[in-house]
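Dear colleague,

Please find the structure we discussed below, together with its sequence. My notes on what was found in it follow.

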Amino acid sequence: MTSLFPGAAVAQPPPGEARASAVQRSPLETQGAVMRDPGSLTELRREAEKASKDLEVATRALEERRAEIQASERELTGKLRELQEAERAFAQVRQPLSEIVGVLYQQSGSNGLESFLAGNGDTSALRAMASTTHIVAQRNQVLQESSRLQAERERVAAQAQELRADNLLAEAQMNAEIETLKARSDKIVKTLTQALVKLGVKIDKSGQAANGCNPTRATLTGDFPNGLIPKLYLCPLQQRGHELRADAAIAFISLNEAYRKRFGRHMCVTDSYRSLAEQQSVYYRRPGLAAIPGRSNHGLGLAVDLCGGVQNFRSPQFNWLEANGKKFGWIHPQWAYVSPFEPWHWEYDPKLGSLL
């Protein structure tokens with residue numbers, strides 16, 4: 001079945017066995033490859049975001065389709081109502097005309113018509129005949145118009161019935177595709193969550209961490225003030241006690257795996273997401289070395305402070321992270337090189353990350 005949504009064809013695999021195999025293999029086989037390839041988490045995140053986008057596009061298309069259906073049905077209903085009103089108006093005219101025609105025929109038969117045929121007709125008889133002919137013509141015109149309106153009403157009613165049947169079928173197909181897209185999105189997110197668990201991310205029994213690690217929910221953190229993001233929207237890191245918003249966390253975990261392969265140990269983290277209260281505490285304890293509370297990227301779940309050698313400018317760890325961080329969307333911001341000088345401070349760039 002051909003997809004009803006542009007860019008969201010999910011009912012059939014792409015043509016070509018190799019391409020179809022790659023698409024089908026990606027989410028699940030990547031799960032087994034996560035420990036070997038840090039970039040596989042990025043691939044899963046990208047697939048989850050695409051599946052979510054396809055679902056969003058399909059849902060919007062369904063809503064637009066429903067709006068079009070309602071508009072067309074309203075138009076047909078209005079036309080039917082106008083035709084019914086016209087029929088009632090013609091019915092009110094038709095009956096008096098029929099009665100008048102009958103009376104005139106009777107009068108013509110007794111006074112005018114017989115006299116006219118006998119050659120004794122006068123002007124009044126001719127006038128009566130002319131009036132009768134005119135009224136009969138009017139009645140015939142009304143009858144024809146009434147018949148036309150009836151036929152038109154039947155045609156529009158049939159059209160409305162056919163439209164409703166087509167709309168019901170189209171909506172059923174669209175709903176089926178949306179369910180398929182939703183199932184695909186859920187499956188990819190579940191695969192991503194399982195991969196994170198294998199890498200040591202702790203997910204509690206309530207599943208809140210799983211929700212917080214869903215990259216399709218990452219932008220929802222923008223609905224909350226800096227430092228007031230609910231725990232439900234934050235994803236834990238392998239470093240216990242630390243968390244970031246989902247896309248930043250997934251990228252950091254991938255970066256951490258690459259770092260571990262290079263240096264044989266996980267990255268050392270001293271700070272990640274900071275609540276508003278924590279920002280205030282750091283601001284007063286470390287004046288000049290912390291952003292004004294409510295303005296820190298830590299409060300957006302997009303920044304970490306690192307140790308384990310990274311905090312030492314031009315150390316092997318710092319240089320490696322500087323050279324490789326961008327591959328995962330992580331950068332050392334320009335200001336941190338000079339004012340204030342903070343080699344330990346690193347930030348996730350969502351725009352950069354979305355291009356990976």
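**Salt bridges along helix 2**

Lysine 50 and aspartate 54 form a salt bridge, with their closest N and O atoms 2.9 Å apart. Before going further, please note that this is a predicted model. The pairing fits the positions of the two residues: because lysine 50 and aspartate 54 are four residues apart in helix 2, about one helical turn separates them. Aspartate 54 has a relative accessible area of 11%, and it therefore counts as buried, the limit being under 20%.

A second salt bridge in this helix joins the side chains of glutamate 49 and arginine 45, at 3.4 Å from N to O. Here too the spacing is four residues within helix 2, so that glutamate 49 and arginine 45 are about one helical turn apart. The two partners should be read separately as regards exposure. Arginine 45 is buried, at 3% relative accessibility, whereas glutamate 49 is partly exposed, with a relative accessible area of 29%.

The side chains of arginine 65 and glutamate 68 meet in a further salt bridge, at 3.9 Å from N to O. Both residues lie in helix 2 and are three residues apart, which is about one turn of the helix. Arginine 65 counts as partly exposed, at 28% relative accessibility. Elsewhere, salt bridges that share partners link Asp271, Arg274 and Asp305 into one network. In general terms, side chains of opposite charge can pair when their charged atoms come close. A search of the whole structure finds 12 salt bridges.

**Between helix 2 and helix 3**

Arginine 65 also takes part in a contact of another kind. Its side chain makes a polar contact with the side chain of asparagine 167, at 3.3 Å. Asparagine 167 is found in helix 3, which covers residues 123–198. What does asparagine 167 touch, not counting residues up to four places away in sequence? The answer is Arg65, Ile69, Ser72 and Glu73. Asparagine 167 is buried, because its relative accessible area of 4% falls under the 20% limit.

Alanine 61 is another residue to look at in this context. Alanine 61 lies in helix 2, which spans residues 39–117. At 18% relative accessibility, alanine 61 counts as buried, since the limit is under 20%. Alanine 61 and methionine 174 are 113 residues apart in sequence, yet their C-alpha atoms are 8.6 Å apart in space.

**The chain as a whole**

The secondary structure of the protein chain comes to eight helices and six strands. Along the sequence, these elements follow the pattern α-α-α-α-β-β-α-β-α-β-α-β-β-α. The protein chain has 356 residues, of which 39% count as buried. Its accessible surface comes to about 19,700 Å², and 54% of that surface belongs to carbon and sulfur atoms. Among contacts in the protein chain with a separation of 6 or more, 69% are made by residues 24 or more positions apart.

When you open the model, I would suggest beginning with helix 2, which holds the salt bridge between lysine 50 and aspartate 54 and the one between glutamate 49 and arginine 45. Arginine 65 could follow, as its side chain meets glutamate 68 in a salt bridge and asparagine 167 in a polar contact.

With kind regards

How values were computed:
Residues numbered from 1 in each chain as written. Predicted model: local features only at pLDDT ≥ 70, side-chain atom pairs only at ≥ 80, totals over all residues. Heavy atoms only, no water. Buried < 20%, exposed > 50% of the residue type's maximum accessible area, 1.4 Å probe, protein only. Polar contact = N/O pair within 3.5 Å; in protein donor to acceptor, adjacent residues only side chain to side chain. Contact = heavy atoms within 4.5 Å. Areas by Shrake-Rupley, 256 points an atom, 1.4 Å probe, with all protein chains shown as cover. Salt bridge = Lys/Arg side-chain N within 4 Å of Asp/Glu carboxyl O.
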